[in-house]
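This report describes the fold of one protein chain, going from strand pairing to sheets, cores and individual loop residues. The sequence and structure come first.

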Amino acid sequence: MNIYHGGCSCGDVRYHITKEPIFTQACHCRLCQKQTASAFIVRTMIESSNFHLDSGELIRLHGATGSGRGQEVYRCKNCKVQIYSIFNNSDVMTFIKTATLDEPDRFPPQAHIFTKSKLNWVNLDGITPCFDEFYNKENILSAESLARRQAIGW
Ligand SMILES: [Zn+2]
Ligand SMILES: [Zn+2]
């Protein structure tokens, strides 16, 4: 079993995941740009049952999303770095902020979404699928990843 570790910038929060991620995607929407104060965010999906907090304390803050439904963003209580989000009020799926993983290079985006608001100096590789807004998951995710989503009702 592969275990991947991650944490915040101050070192208080440490976590690990106990399975390969389901999917990793980059979002270039304006809200993600603002919330990261950067060009885009990268999120890695994992069943919440495979996410384990090892140390530190998390605080939960509500964040806006394009859908209007919002997200619950969990941050280190000390340094406030975003660790993960929960969407649609459903805590079965954890959306880890990929850059908080210790080896983020292992998890490149498998799709770029909301590229209609991508900053014009961001040059994508021309290989990874890009979407003006969102994708149809049946066309993009592997059969295994789709089955894992279905298994938890996501
Ligand atoms: Zn911290
Ligand atoms: Zn976004």
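## Parallel pairing of E3 and E10

Gln 25 has Ala 111 of E10 as its bridge partner. The two residues belong to a pairing in the parallel sense between strand E3 (residues 23–27) and E10, which extends over three bridges. The model is a predicted one.

## The seven-stranded sheet

E3 and E10 are part of an open sheet of seven strands, ordered E6-E7-E8-E9-E4-E3-E10, in which the pairing is mixed. Its edges are formed by strand E6 (58–63) and strand E10 (111–113), each of which pairs on one side only. On average, neighbouring strands here are turned by 30 degrees against each other, direction ignored.

## The three-stranded sheet

A further open sheet has three strands in the order E1-E2-E5, and its pairing is antiparallel. Strand E1 (4–7) and strand E5 (51–55) each have a single partner strand, so one side of each lacks a neighbour in the sheet. From one strand to the next, the twist averages 25 degrees.

E1 runs antiparallel to strand E2 (residues 14–17), and four bridges join the two. Within this pairing, His 5 is placed opposite His 16 in E2.

## Nonpolar cores

In soluble globular proteins, nonpolar side chains tend to be buried together. In this model the largest nonpolar core contains 18 residues. Those with the most contacts inside it are Val 13, Met 45, Ile 46, Ile 83, Tyr 84, Phe 95 and Ile 96. At least two residues of this core come from each of E2, strand E4 (41–47), strand E7 (71–76), strand E8 (82–87) and strand E9 (93–97). The core thus draws on E2 of the three-stranded sheet as well as on E4, E7, E8 and E9 of the seven-stranded one.

Leaving aside residues up to four places away in sequence, Met 45 touches Pro 21, Ile 22, Phe 23, Met 93 and Phe 95. Another core, of 10 residues, lies apart from the largest one; Cys 27, Cys 29, Ile 41 and Ala 111 are among its members. Ala 111 is also the residue that bridges to Gln 25.

## Overall architecture

The protein chain has three helices and 10 strands. Starting at the N terminus, these elements follow the order β-β-β-α-β-β-β-β-β-β-β-α-α.

For 154 residues, a compact globule would be expected to have a radius of gyration near 15 Å, and the protein chain agrees with this at 15 Å. The C-alpha trace spans about 40 × 35 × 30 Å along its principal axes. Of the 154 residues, 31% count as buried. Taking contacts between residues at least 6 apart in sequence, 54% join residues at least 24 apart.

## Positive phi outside glycine

Ala 37 is a residue other than glycine with a positive phi, near 55 degrees. The loop between helix H1 (30–36) and E4 holds this residue. Ala 37 is classed as exposed because 6 other C-beta atoms lie within 10 Å, and the limit for this class is 12 or fewer.

Asn 88, also not a glycine, likewise has a positive phi near 55 degrees. Asn 88 sits in the loop that connects E8 and E9. With 14 C-beta neighbours inside 10 Å, Asn 88 falls between the limits of 12 for exposed and 20 for buried, and therefore counts as partly exposed.

Technical notes. Residues numbered from 1 in each chain as written. Chains lettered and ligands numbered in written order. Predicted model: local features only at pLDDT ≥ 70, side-chain atom pairs only at ≥ 80, totals over all residues. Pairing = 2+ DSSP bridges. Axes fitted to C-alpha atoms, helices over the stretch in contact; angles between N-to-C directions. Core = buried A, V, L, I, M, F, W, Y, C linked by C-beta atoms within 7 Å. Contact = placed C-beta atoms within 7 Å. Rg over C-alpha atoms; globule rule 2.2 N^0.38 Å.
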